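This report describes the salt bridges, cores, fold dimensions and local backbone geometry of one protein chain. The structure is shown first.

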Amino acid sequence: MTKTAAIIGGGVIGGGWAARFLLNGWDVRVSDPDPEAERKIAAVLDNARRSYPGLSDAALPAEGTLTFCDSIEDAVEGVDWVQESVPERLQIKLDVYGRIQAVTGGDVIIGSSTSGFKPSELAEGAAHPGAIMVCHPFNPVYLLPLVELVPSEAAGADLIGRAKEVLTGLGMYPLHIRKEIDAHVADRFLEAVWREALWLVRDGVATTEEIDNAIRYGFGIRWAQMGLFETYRVAGGEAGMRHFMAQFGPALKWPWTRLMDVPEFTDELVDLIADQSDAQSGHHSIRDLERIRDNNLVAMMRALKAQDQGAGALLNAHEEQLRAGTVLAARAEDIEDAAQPVVTIHRAVPLDWTDYNGHMNEARYLDAFGMATDRFMELIGCDAAYIEAGGSYFTAETHIRHIDEVHAGAVITVRTRVLAGGGKKMHLWHEMSEGERLLATGEHFLLHVDLATRRSAPAGPAVDAALRRFADAQAGLPLPEGAGASIRSPG
Ligand SMILES: NC(=O)c1ccc[n+]([C@@H]2O[C@H](COP(=O)([O-])OP(=O)(O)OC[C@H]3O[C@@H](n4cnc5c(N)ncnc54)[C@H](O)[C@@H]3O)[C@@H](O)[C@H]2O)c1
């Protein structure tokens, strides 16, 4: 059954939460007094729809329904989760919780996006304090997986477990922080870095751009893949962390930081930083910068996905869950009607598959068809174990027809037909579509190969039989338009 989330406060962060819930198949109700909230959330959703669905190589569930409500009470009635993202003012948050819990009681978790307040402060005087917990996300909420989960002491293990389950189901990483502290964990680093950066600009040591360069050309890239401690363990050389600490421990006593010193927050300091930032980035609108950021985040996370590291490892784990509810068959035996083309790809177009024309790059059509072929090979038993044992198919010839364009975030389906198969040969026909719209066809001729001799050889009996089952059942279908064609130039 479709679940429903209430988003209370639909600004930058609430809009991001709305997108993450919707794109993971939840229905979403929003309450926000700002008359512009609907327009602002639509803009966030546009960005999310183009970037988030293609992060994984498995399709997300069908998008949920978005509704705007006139009151908090209407928004939270009967929901499964409440996410509060109102401004960072304690009294506003406390008033909102009172109104929510008058409707939901203590069974529904209220996750607070608060960057700084402790759960004990949020739960003060609440009718059901255990149900209010910090669920602190990072912008953009629809792409970054981290949520700092800080429950209050009143929260039972069942509520905490339920919160983790919901957040994990959204493809997020709930970092359970067991000891409450102002600003949780991550923002304490950001605050320290921010303080240091303000000093460096104020004292004329570096400009905003130079500081950004110091981060993005060096340790920023390192942090995204290994964090702090694992990075330093490697930096210690073969002796690892102990050596690193012995080497850099004394530096802690040297004047390398200004620690808790804070520069005076004067109008001059604000002007200095804002003017340098304008000079650095003023030629981009904020919406442009959001899109550049999203493109980069997707590209980096997908690169980490290929390495099964960091946020990429999380994407792979989420993908397993997504595949459980997909239209793709796990094994050929599960496909009852072998006479019909088989769905081999069902996924969204990732942002890093698109090019300067804004649509899917021609090389990615081959990528997608290559994946469809791999998937079909797996289905007939030419899987990792079979390849390990010394047999595989190599592609000998490919003909792709590009029929219509497709954009990032669109869900594409590839259906695969066997035109001929058996012995050494496998002749496949892939049709790629978005809904009813045909986008491309791919015709591929493959030869079975003995991996020891690197020469063609007949497939093993089980693979051969599975392939022939499809080839025989589909032999009666009319030949697809375009099959066997050579390149036709117009006129
Ligand atoms: N901006 C960030 O980078 C960031 C990151 C993580 C967490 N947070 C936290 O998220 C929360 C929201 O921050 P934001 O940046 O989205 O702020 P924002 O100003 O963009 O959005 C706040 C929204 O709440 C609405 N609002 C105000 N009173 C309300 C009420 N009584 N009921 C319902 N809606 C109400 C406002 O109209 C506004 O749309 C804060 O607690 C903040 O600390 C922010």
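Across the whole structure, 22 salt bridges are found, a salt bridge being a side-chain nitrogen of Lys or Arg within 4 Å of a carboxyl oxygen of Asp or Glu. The model is predicted, so local features require pLDDT of at least 70 and side-chain atom pairs count only at pLDDT 80 or more, whereas totals for chains, interfaces and linings use all residues. Residues are numbered from 1 along each chain as its sequence is written, and side-chain values use heavy atoms, with hydrogens and water left out.

Three of the salt bridges are listed below.

| Pair | N to O distance | Citation |
|---|---|---|
| Lys-305 and Asp-57 | 2.6 Å | salt bridge |
| Glu-84 and Lys-93 | 2.6 Å | salt bridge |
| Glu-378 and Arg-375 | 2.6 Å | salt bridge |

Lys-305 belongs to helix α12 (residues 286-307) and Asp-57 to the loop between α2 (37-51) and β3 (66-68), so their salt bridge ties together parts that are 248 residues apart in sequence. Helices (H or I, at least four residues) and strands (E, at least two) are DSSP runs, numbered from the N terminus. Lys-305 counts as buried because its relative accessibility is 8%, while Asp-57, at 21%, is partly exposed. Here buried means under 20% relative accessible area, exposed over 50%, and partly exposed in between (1.4 Å probe, protein chains only). In the second pair, Glu-84 and Lys-93 are both buried.

The third pair is local: Glu-378 and Arg-375 lie in helix α14 (residues 362-379), 3 residues apart, about one turn of the helix. Glu-378 is partly exposed at 42% relative accessible area, and Arg-375 is buried at 16%. Elsewhere, salt bridges with shared partners join Asp-57, Arg-302, Lys-305, Glu-319, Arg-323, Arg-347 and Asp-352 into one network.

**Nonpolar cores and surface**

In soluble globular proteins, nonpolar side chains tend to be buried together. A nonpolar core is defined as a set of buried Ala, Val, Leu, Ile, Met, Phe, Trp, Tyr and Cys residues joined through side-chain atoms within 4.5 Å. The largest such core has 44 residues, and Trp-17, Phe-21, Trp-81, Met-133 and Leu-167 have the most contacts inside it. Helix α1 (residues 12-23) supplies the largest share of this core, 6 residues. Apart from it lies another core, of 22 residues, including Ile-335, Val-342, Tyr-386 and Tyr-393.

Contact means heavy atoms within 4.5 Å. With neighbours within four places in sequence set aside, the contacts of Trp-81 include Phe-21, Trp-26, Val-108, Ile-109, Cys-135, Val-166 and Leu-167.

On the surface, Val-185, Phe-189 and Leu-190 make a nonpolar patch of about 280 Å². Such patches consist of residues with over 30% relative accessible area and no salt bridge, with nonpolar side chains (Val, Leu, Ile, Met, Phe, Trp, Tyr) joined within 5 Å and like charges within 9 Å. Leu-190 is found in helix α7 (residues 186-202).

**A buried threonine**

Thr-416, in strand β11 (residues 411-422), is buried, with a relative accessible area of 0%. Its side chain makes a polar contact with the side chain of His-430 at 2.8 Å. A polar contact is a pair of N or O atoms within 3.5 Å; within protein, one must be able to donate a hydrogen and the other to accept it, and residues adjacent in sequence count only if both atoms are side-chain atoms. Beyond residues up to four places away in sequence, Thr-416 touches, among others, Val-342, Ala-372, Phe-376, Leu-428 and Trp-429.

**Overall dimensions and backbone geometry**

The chain has 16 helices and 14 strands, and its C-alpha trace spans about 75 × 55 × 50 Å along the principal axes. Of its 491 residues, 44% count as buried. The chain exposes about 25600 Å², of which carbon and sulfur atoms supply 55%; accessible areas come from the Shrake-Rupley method with a 1.4 Å probe, and for residues only the protein chains shown count as cover.

Most residues other than glycine have a negative phi, and most peptide bonds are trans. A cis peptide bond joins Asn-139 and Pro-140, with omega about 0°. Asp-308 has a positive phi near 55° and lies in the loop between α12 and α13 (310-324). Arg-454, also not a glycine, has a positive phi of about 60° and is exposed at 53% relative accessible area.
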